[in-house]
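Biologist: Could you take me through one part of this model closely, step by step, and tell me how far I may trust what I see?

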Amino acid sequence: MATGRARRQRRGKLGTLIGVGMLLGGMTVLTSYSATIYNLFCQVTGYGGTTQVADATEVPVLDREMKVRFNADTARGMPWGFFPEQREMVVKVGERHLAFYKAVNNSDRPVLGQAAYNVTPQKMGLYFDKIDCFCFTEQLLMPGQSIDMPVSFYIDPKMADDRNVDEVRTVTLSYTFFDLGEEGLQSYLERTGRKLEDFATVTPGTSLADGARTGGQIRPAGG
């Protein structure tokens, strides 16, 4: 009798240990991938004004017009000048448009930057679709180099089915550029298999703008 009770107690302890182990394992996985999961959540739901990524499939163009304003900021320590080349434009919902931002590296060192972005009002994040954008990749600028950076976008006509955004007439697209630092720069060079010398010959202001303005595919700076 006593032996049976001891076995049940051991099985109980073993089950508890397995349960605790699975719980800790799950928490470790969630912690490790929390940023990825959060980003995926934002991309799917538009949470926080996160814009959507769209392919080149044609969508219906509505008569409804919207004003799109463009904003640019740099994070503390980022030595770039960064500003939109147009303050605003009026677009039809569903109509594709191309806007440009300009960045200048005012420092005496190579700087790798990455842009964070959102739209306001934040509830419009679900309906602001980017077909291509400089913000999809890092941008490397050599000392004194400048670059024109395009973003191809449209406002999703599905917003017409959402009463929650009926009153929205203006959307502001905002970017903030961050300096990824020396560690980020070295990681970028290792991943791309390139050297800084590869970028030193790029003519300032010409690495991306020419192809983009003529409808070429957007590429990372110097890529």
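**A close look at the disulfide**

Modeller: The torsion about the S-S bond of Cys-133 and Cys-135 is about 130°, so this disulfide is right-handed. In this predicted model, the sulfur atoms of Cys-133 and Cys-135 lie 2.4 Å apart, and since a disulfide is called when two cysteine sulfur atoms are within 2.5 Å, the pair meets that cut-off. When the whole structure is searched, one disulfide is found, and as for its surroundings, both Cys-133 and Cys-135 are buried.

From there we can turn to another residue, Ser-174, which belongs to strand 10, the run of residues 170-179. Ser-174 has a relative accessible area of 16%, and because buried means under 20%, Ser-174 counts as buried. If we set aside the neighbours within four places in sequence, Ser-174 is in contact with Asn-71, Ala-116, Tyr-117 and Asn-118, and with Asn-71 there is also a polar contact of 3.4 Å that joins the two side chains.

As for trust, the protein chain has an average pLDDT of 81, with 73% of the residues scoring at least 70. Over residues 204-223, however, pLDDT stays under 50, although the model has 46 contacts beyond four places in sequence for that stretch. Where pLDDT is low, the predicted coordinates should not be read in detail.

Technical notes: Residues are numbered from 1 along each chain as its sequence is written. This is a predicted model: local features need pLDDT of at least 70, side-chain atom pairs count only at pLDDT 80 or more; totals for chains, interfaces and linings use all residues. Side-chain values use heavy atoms; hydrogens and water are left out. pLDDT is the predictor's confidence in each residue, from 0 to 100. Contact means heavy atoms within 4.5 Å. Buried means under 20% relative accessible area, exposed over 50%, partly exposed in between (1.4 Å probe, protein chains only). Helices (H or I, at least four residues) and strands (E, at least two) are DSSP runs, numbered from the N terminus. A polar contact is a pair of N or O atoms within 3.5 Å; within protein, one must be able to donate a hydrogen and the other to accept it, and residues adjacent in sequence count only if both atoms are side-chain atoms.
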